[in-house]
Each structure stands twice: as structure tokens, then as C-alpha cells.
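Colleague: Hi! I'm new to this one, could you walk me through it?
Modeller: Happy to, let me put it on screen.
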Amino acid sequence: MKILEFARKEKMVTNNFPVVPYEVTDGFRGKPEYTYDLCIGCGSCVVACPSNALSLKKDEEKGVARWKVDYNRCIFCGRCDEVCPTRAISMSKEYVMCVLFDKEDLTVTGELKLKRCDTCDVYFTTERMSNYTYQKLVSAGWDMASIDEKMKHLNTCPDCRQEKAVAVNVNQMKKRGV
Amino acid sequence: MGPLYTIPEDIQRENTLEKKLAHLDKIKRTFFVYRVDAGSCNGCDIEIFAVITPLWDPERLGFKLVASPRHADILVCTGSVTRDMRYPLIRAYEAMPDPKIVAAIGACGCSGGIFHDAYGNWGGIDSHIPVDLFVPGCPPHPATILQGLALALGIVDQKLKKTVYDNDEGKIPFDGTSILNNTLFERDLYVESKSLMGYIHGRVLFKKYCEAMKTAKRPEDASEIAELIKHLIAQEEDPRYAECLRVLHNTVYMNWIDSMMVMGEEGKNQYIIKGA
């Protein structure tokens, strides 16, 4: 009976949860929300993810890079949010994310078009990433006089760029007679 | 290598989706929940105990924790399956009366989680026994667990669906606008505010500084910006933001202005904001 008296005095503490949504506090790390329009496919979130919940894979046949998040494996640490340069992935307050039967319902995939290298015709980066790099360099006070020469360099894959640099160096050395 | 465990035929026959749904329809009593820890770090178990406290009270929805799998309708499994806990998990599964409903709680239960490539880990719950309900989170919030149990009962609807975006138009989320006509200034400001206050508060700090600068008529005018930031610091309620705004102004902004129009040490000292 003592408990009943106590219970009458106190207010009811139980959340009326499935009927009324539960309000989480500020800074709650819920589901990392993916905004496709902001993503440039740089892959820094994939590198930062400690549990490999994020993946970025090249699909040569379709010519797209496939960015995928698997909330099954996500540990909600927020590292992807920290490193994302465009805030395409950011922690939300969403906690309602249970699914029945199919694990694939907990995945989000974004397909980003790939770009070919000018020299060797191999896919090496996404189109958005290339445009983003160009726009960043222009807005950071790039010398627009020699733009064509520089664009050639920007549209070459890292392997070709390496070969090119080695060839230039070797030529210079030959001239000097080393 | 074949599958680690094949479900006996009689269990398979009794556990079809139709039979489970029929069971849900005709059941007129409390759902008994049995919990198995298949090698978790105890985080998810603590959250399950949080769920059965009066704050969440799953018994008003009709869930009751029981001590034996022989009584259970729902098997709640936590943790990635370790070698030693695999057999007890399968025994608990086989001991349940048909039809069996299995819920995997936490990132580890759903897919192996952060331990997915560890040597002692044999994958998530679903690589051993068929799982009906996935509750992600590391650990899941009590509300998530309760919502999952309610979802298994059909009280609430499933929110998430598999999403694929494939209409790439090559547009980029960056227009190259800058306050000082050079985005390297924004970059320096952002890097410094992140290193001062971390990524969550650093973003707020960066936003505060930028918005104050945008109200200025001439952002290159150090005296105007110094007045604006002084005003902002005086208004700021949080002393951490006030101090960091001061540091940002004295280091990043003054260095940029100094490199744009050489002011010298004395000229710089005029516009430096001194701390309290």
C-alpha cells in the first residue's frame, strides 16, 4: 500500500513512446543521413569509417562509383560527419530505424558518374569530384592564363601523371648529361 | 565450406511467414521475450535492461521477459556470435516453441558490427539462425528497441526502405563565393575553428564568425571587423565561444589582412582584440 501512495504522489514517468515520439537531446548521434545531391564521391568518409559500414566501389560496366552505407554495421561514431567536406553525410536525430526480414532495407546507395582519364581512357574519379576540384582551385585564386595546360593535368589519372613526371625528369637529366 | 548449421526440416516447416503471421493474429496473451547474449560487449544488454524499466515499460505493450526459452515467443539476441556462444544460441533457438521470432539487437547482432573482421567472431546472428527483426545501433537507444518490438507485433509501421540514387547530373554543391574573394580564407578559418572547438562546436563557431563578417560593408577593413567581433563577443553568452572568436580574429583574420595589405606590427596591434 505504501508503494501505491508513493505512486499517487509522484507523476507517471513512463514515456508514451510508440504513440508520442520521444524527444532526444541536442547532440544525439542518430542515423547518419545521406544527401545525394551534396555527395562528390571523394571517399574520405569511407577511409574514416572504423567499422567499414561505408563503401565506395567502382562499377566499370555501368561507369559509376557506387557509394553505399550499411546501417547494420554502423556504430554511430560520427567520424563520417566530421570528415565530409560538403556535409553530404551528417548525423541526424533519427532513432526509428528497425526493419523486418530484409537487411537490405537498412542500406542507402548513391551512384556517381565516373570520369575517364584523357591519356589512358581508364575511369579514375567521379565527375562531381573533378568539377568540385576545378571550382575550388578557381575560387582559391588560380592563375587563369594557363588554364588549358592545367586542365590537361587535372584530367589525367594519377598513374599517367606519374609516368609523365618521370619522363619529364629523365629528359631533363639527359640534357644535363647525368 | 558448407553452412555452419542447417535448420532441421521440422523447424523450417513450422516457421514459414504465413504461420508466424497466423500466430500473431490468434495470440491473445502477453508476448514472452527471452534474451540471449551471444558474445556482446554488454552495451546492448544494458540498453535492454533500460527498456524494461518503468521509464519505457514494455509490459504496457505486452512484452514480458522470461527466464527460459521454452516459454518464449521472441528470442532477442545481442552480440556478434563468438565461437563459444554459438552452440548455446542454437540450443536456445531449437528449444523455443514454434513459430519462433528472432530479433537481432545492435550492430553486432545485425552484421558483426565493429568486430566483423575479428578472429574470434563468427558473423552476425543472421549468419547462424534466421532473423526476423533487425535493430541497428551501437548500442540501440531504448526507444529504438521498443519500436523494433512494436514493429514485430505490427503496432507501428516500418519507416526505412532500401534506397538507391542513380540520377547523377554532375552538379556540385559549391559555388565558389567567398567573403575575402579567396576561399582559402574560409578554409583557414574552418580548420582553425575545428582545431579550437572540435567539429560540432567548431562548425557553429565558423558560422558565427562568417555571419558577422557578412554584415560588414567592407570585410577588408580591419577596424570595422574588429568592432563587429567585439560586439559579438560582448553579446555571446557562452564564454568558450567568446574566447575562441577572439582567438580566431587575432590569428586567422589578422594574418590574412596582414598578408593582403602589409600593416606592420604596430598597425596590426591596433585591431587585435585583447582578452579579459
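Modeller: We can go through chain B and then its contact with chain A; keep in mind that this is a predicted model.

Colleague: Sounds good. How many helices and strands are there in chain B?
Modeller: Chain B has 10 helices and six strands. Its radius of gyration is 29 Å, well over the 19 Å that the globule rule gives for 276 residues, so chain B is more spread out than a compact globule.

Colleague: And what does the C-alpha trace of chain B span along its principal axes?
Modeller: About 85 × 45 × 35 Å.

Colleague: Which domains does the assignment give for chain B?
Modeller: Domain 1 covers 9-153 and domain 2 covers 183-271. Their C-alpha centres lie 53 Å apart.

Colleague: What share of chain B counts as buried?
Modeller: Of its 276 residues, 35% are counted as buried. As for contacts in chain B with a separation of 6 or more, 71% are between residues 24 or more positions apart.

Colleague: OK, on to the cores. Which residues touch the most other members in the largest nonpolar core?
Modeller: That core has 75 residues, and the ones touching the most other members are Leu75(B), Val76(B), Cys77(B), Ala103(B), Ala104(B), Ile105(B) and Phe134(B). H6(B) provides the largest share of this core, six residues. There is also a second, separate core of 18 residues, with Tyr190(B), Ile229(B), Val252(B) and Tyr271(B) among them.

Colleague: Can we zoom in on Val76(B)? What is it in contact with, leaving aside neighbours within four places in sequence?
Modeller: Val76(B) is in contact with Val33(B), Tyr34(B), Arg35(B), Ile48(B), Ala103(B) and Ile105(B).

Colleague: Now the sheet. In what order do the six strands come?
Modeller: The order is E5(A)-E5(B)-E4(B)-E3(B)-E1(B)-E2(B), in an open sheet with mixed pairing. At the edges are strand E5 (99-100) of chain A and strand E2 (63-65) of chain B, each of which pairs on one side only.

Colleague: How many bridges join E1 and E3 of chain B?
Modeller: Five, between strand E1 (residues 31-37) and strand E3 (residues 74-78) of chain B, and the two run parallel. Within that pairing, Val36(B) has Cys77(B) in E3(B) as its bridge partner.

Colleague: Let's turn to the other chain. How many residues does the contact take from chain B and from chain A?
Modeller: It takes 51 residues from chain B and 50 residues from chain A. On the chain B side, the elements giving two or more residues are helix H5 (106-111), strand E5 (133-135), helix H6 (142-153), strand E6 (163-165) and helix H7 (183-214). H6(B) gives the most, with eight residues.

Colleague: And what kinds of residues make up that side of chain B?
Modeller: They divide into 27 nonpolar, 16 polar and eight charged.

Colleague: Where does E6(B) fit in, which strand of chain A do bridges join it to?
Modeller: Three bridges join E6(B) to strand E6 (residues 107-116) of chain A, and these strands run parallel. Gly110(A) stands opposite Tyr165(B) there.

Colleague: One last spot, Glu243(B). Where does it lie?
Modeller: Glu243(B) lies in helix H9 (residues 239-260) of chain B. With 16 other C-beta atoms within 10 Å, Glu243(B) is partly exposed. From Glu243(B) to Ile233(B) is 7.9 Å, C-alpha to C-alpha, and the two are 10 residues apart in sequence.

Colleague: Lovely, thanks!

Notes. Residues are numbered from 1 along each chain as its sequence is written. Chains are lettered from A and ligands numbered from 1 in the order in which they are written. This is a predicted model: local features need pLDDT of at least 70, side-chain atom pairs count only at pLDDT 80 or more; totals for chains, interfaces and linings use all residues. Helices (H or I, at least four residues) and strands (E, at least two) are DSSP runs, numbered from the N terminus. The radius of gyration is taken over C-alpha atoms; the globule rule is 2.2 Å times the number of residues to the power 0.38. A residue is buried if 20 or more other C-beta atoms lie within 10 Å of its own, exposed if 12 or fewer, and partly exposed in between; C-beta atoms are placed from the backbone. Two residues are in contact if their C-beta atoms, placed from the backbone, lie within 7 Å. Domain bounds come from an automatic or database domain assignment. Ala, Val, Leu, Ile, Met, Phe, Trp, Tyr, Cys and Pro count as nonpolar, Asp, Glu, Lys and Arg as charged, and the others, Gly among them, as polar. Two strands pair if DSSP finds at least two bridges between them. A nonpolar core is a set of buried Ala, Val, Leu, Ile, Met, Phe, Trp, Tyr and Cys residues joined through C-beta atoms within 7 Å.
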